[in-house]
Each structure stands twice: as C-alpha cells, then as structure tokens.
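Visitor: I am new to this structure and should like to be guided through its interior. May I put some questions to you?

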Amino acid sequence: MTDLAGKHGLIVGVANKRSISWAIAQAAAASGARLALTYPSARLEENVRELAAKLENPLLAPCDVTSDEQMAALAATIDREFGGLDFFVHGAAFAPQPELSNPFVETSREGFRIALDVSAYSLIGLMRAVMPLMEKRGGGSVLTLTFIGSQRVFPNYNVMGVAKAALESSVRYLAADLGPRNIRVNAISAGPIKTLASSGISGFSGFMQICRDRAPLRRNVELSEVADTAVFLLSSASRAITGEIVMVDAGFHVSGGP
Ligand SMILES: NC(=O)c1ccc[n+]([C@@H]2O[C@H](COP(=O)([O-])OP(=O)(O)OC[C@H]3O[C@@H](n4cnc5c(N)ncnc54)[C@H](O)[C@@H]3O)[C@@H](O)[C@H]2O)c1
C-alpha cells in the first residue's frame with residue numbers, strides 16, 4: 001500500500017545530499033516513483049543534477065519559488081513530460097541571516113516578507129500551478145515540511161516560526177479547499193536535523209540537544225525516518241488523511257518538562 005509504482009512526483013527543495021527532500025526523493029524512487037526535481041538557481045543546479053543522476057529517468061527543471069513565471073513554466077514542463085502529477089513534496093524554506101540571529105523584535109519588514117513568501121506562500125502558489133495536473137490523475141497527495149517552532153519558541157528560530165505557523169495553517173485551508181478534488185495536503189513536523197537550512201540558525205545544535213534530552217525516545221530523528229513517513233503520506237496507505245501535521249520528532253512534542 002505504500003507502493004508508489006507508476007506514480008509521478010514533484011520534489012521541490014533538494015539542495016544537497018543532507019536535504020530532507022533528497023531523503024524523501026530517494027525513498028519515493030525506491031518505492032517506484034518517477035520524479036521531477038527542481039533547483040532554485042544556477043549556483044545549485046550542478047548539485048541537484050549530480051544527485052538526480054542517481055535516480056532513474058529523472059526530470060530536472062528550474063524553479064525559484066519567488067517567481068510565478070517559473071512556477072507556471074515548471075507545471076508546463078511536468079505536464080509535457082509526465083502528462084499529470086500524483087504527488088508533490090514542498091521542502092523550500094528561507095529567511096535572511098539577520099532574522100535568524102537578531103532579537104525577534106528586530107525582524108525587518110523585508111525579512112518577514114521574504115521568509116513568509118519563500119517558506120509559506122510558495123506552497124499555495126505551487127499548489128495552484130500543479131492542481132490541474134493532479135486533477136488529470138483523479139487526485140493527488142501534497143506534503144510539506146514544518147517544525148514545532150511554529151507553536152513554541154526556540155532561540156533564534158524567530159520569523160521562521162511565524163512562517164511555519166502560516167505554512168501549517170495553509171495546509172489546513174488547502175486541505176479543505178482541495179479535498180473535494182481528491183487532493184490531500186499534509187505536513188510532517190520533523191525533529192531537528194543537521195542540514196544546510198538548519199545550519200543557518202544560530203545555536204541550532206542546542207535544539208538538537210534539547211530534543212535528545214527531552215524526547216520520549218531520547219534521541220534525534222534521522223532523515224530516513226522522515227522519508228519513510230513521507231512515503232506513507234504520499235501513498236494510498238494514507239488515503240483518508242488530510243489537513244494533518246504529523247509529528248516525526250521521537251515524541252518531543254508531548255514533553256512537558258525534563
Ligand atoms: N533541518 C531541520 O531540522 C528541519 C526540521 C523541521 C523542518 N524542516 C524543514 O524542512 C524543509 C527542508 O529543509 P532542510 O532542513 O532539508 O534544508 P535544505 O537547505 O536542504 O532545504 C531547503 C531548501 O529550500 C530551498 N530554497 C530556498 N529558497 C528557495 C527559493 N527561492 N526557491 C526554491 N527553493 C528555495 C533550498 O534550495 C533548499 O533546497 C524546510 O522547510 C525546513 O524548514 C527542517
């Protein structure tokens with residue numbers, strides 16, 4: 001039931017081999033899916049191209065999620081190559097460096113705009129672009145990635161916490177909007193993992209320590225654990241689940257204290 005054989009998927013958010021989206025891409029490919037991967041800039045194209053070469057018959061396309069034109073062009077390319085789309089993984093997030101180290105009260109209007117645009121609005125914009133492709137397949141599954149910093153305060157997570165709150169709310173509104181078209185929308189809230197994005201947060205290793213100390217399983221999570229849950233949420237095994245934020249955090253979210 002977690003088989004993705006014969007399915008076509010879009011994965012946005014692969015930067016390098018430590019990216020959560022790359023772990024999901026590998027697991028989805030191992031379950032039989034054919035994938036489209038994107039790169040946001042010429043600078044990252046080579047990285048993504050090298051990783052994509054490990055997949056069978058991948059499709060590669062540019063997509064800076066701040067551009068409506070690139071989102072539309074991506075959907076057109078996928079339509080031409082795949083003739084529809086069964087699932088979409090959204091793993092794009094960004095906030096300017098000062099917003100992740102300055103006191104939260106210093107958050108700039110521009111920093112707020114960029115963080116919310118790249119990390120939350122992009123799910124809505126991309127969803128709108130690929131919706132007709134999913135309708136061609138009679139429905140689809142969409143998955144984004146969030147962090148518990150949307151609900152609770154973690155030092156320096158700052159405007160990214162606000163963006164994740166907007167992202168999680170968007171998951172619920174999109175799920176309600178698109179459910180009648182048989183399109184499901186969910187998020188995985190992952191425990192902290194060392195990646196390119198997380199290394200931009202000052203004191204990130206402190207998050208990992210807190211989770212290790214307090215999570216019921218007394219450890220951090222691994223990329224493969226997030227990826228396995230992702231494949232479940234992308235597959236028909238989860239066909240009655242939508243609008244959900246699934247915690248893949250070794251149970252950290254239930255902890256009330258040491
Ligand atoms: N690492 C963690 O601890 C953790 C925990 C929970 C949730 N997440 C979330 O997982 C997702 C993936 O992050 P990651 O930790 O794998 O790091 P990552 O740096 O590998 O991935 C972030 C991706 O966002 C992309 N991106 C940034 N700006 C973009 C733009 N304008 N257009 C298109 N793509 C753009 C980057 O190219 C990169 O591929 C993010 O949403 C992140 O917030 C991460």
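The conversation below concerns the nonpolar core and the aromatic pairs of this predicted model.

Visitor: Which helix gives the most residues to the largest nonpolar core?

Guide: The largest nonpolar core has 88 residues, among which Leu-37 and Phe-88 touch the most other members. In soluble globular proteins, nonpolar side chains tend to be buried together. With 12 residues, the element that gives the most to this core is helix H4 (residues 109-135).

Visitor: What is Phe-88 in contact with, leaving aside its neighbours within four places in sequence?

Guide: Phe-88 is, with Leu-37, one of the two residues that touch the most other members of the core. Its contacts beyond those neighbours are Leu-10, Val-12, Leu-123, Leu-126, Met-127, Val-130, Met-134, Ser-141, Val-142 and Leu-143.

Visitor: The structure holds 7 aromatic pairs. Is the pair of Phe-147 and Tyr-157 stacked or edge-to-face?

Guide: Phe-147 and Tyr-157 both lie in the loop between strand S5 (140-146) and helix H5 (158-178), 10 residues apart. Both are buried. Their ring centres are 5.0 Å apart and their planes meet at 65°, and an angle over 60 degrees counts as edge-to-face, so this pair is edge-to-face.

Visitor: Why do Phe-154 and Phe-252 count as buried?

Guide: Phe-154 lies in the loop between S5 and H5, and Phe-252 in the segment after strand S7 (245-248), 98 residues apart. A residue counts as buried under 20% relative accessible area. Phe-154 is therefore buried at 8%, and Phe-252 is likewise buried at 6%.

Terms used
Residues numbered from 1 in each chain as written. Predicted model: local features only at pLDDT ≥ 70, side-chain atom pairs only at ≥ 80, totals over all residues. Heavy atoms only, no water. Core = buried A, V, L, I, M, F, W, Y, C linked by side-chain atoms within 4.5 Å. Buried < 20%, exposed > 50% of the residue type's maximum accessible area, 1.4 Å probe, protein only. Helix = DSSP H or I, 4+ residues; strand = E, 2+ residues; numbered from the N terminus. Contact = heavy atoms within 4.5 Å. Phe/Tyr/Trp six-rings, centres within 6.5 Å; stacked < 30°, edge-to-face > 60°.
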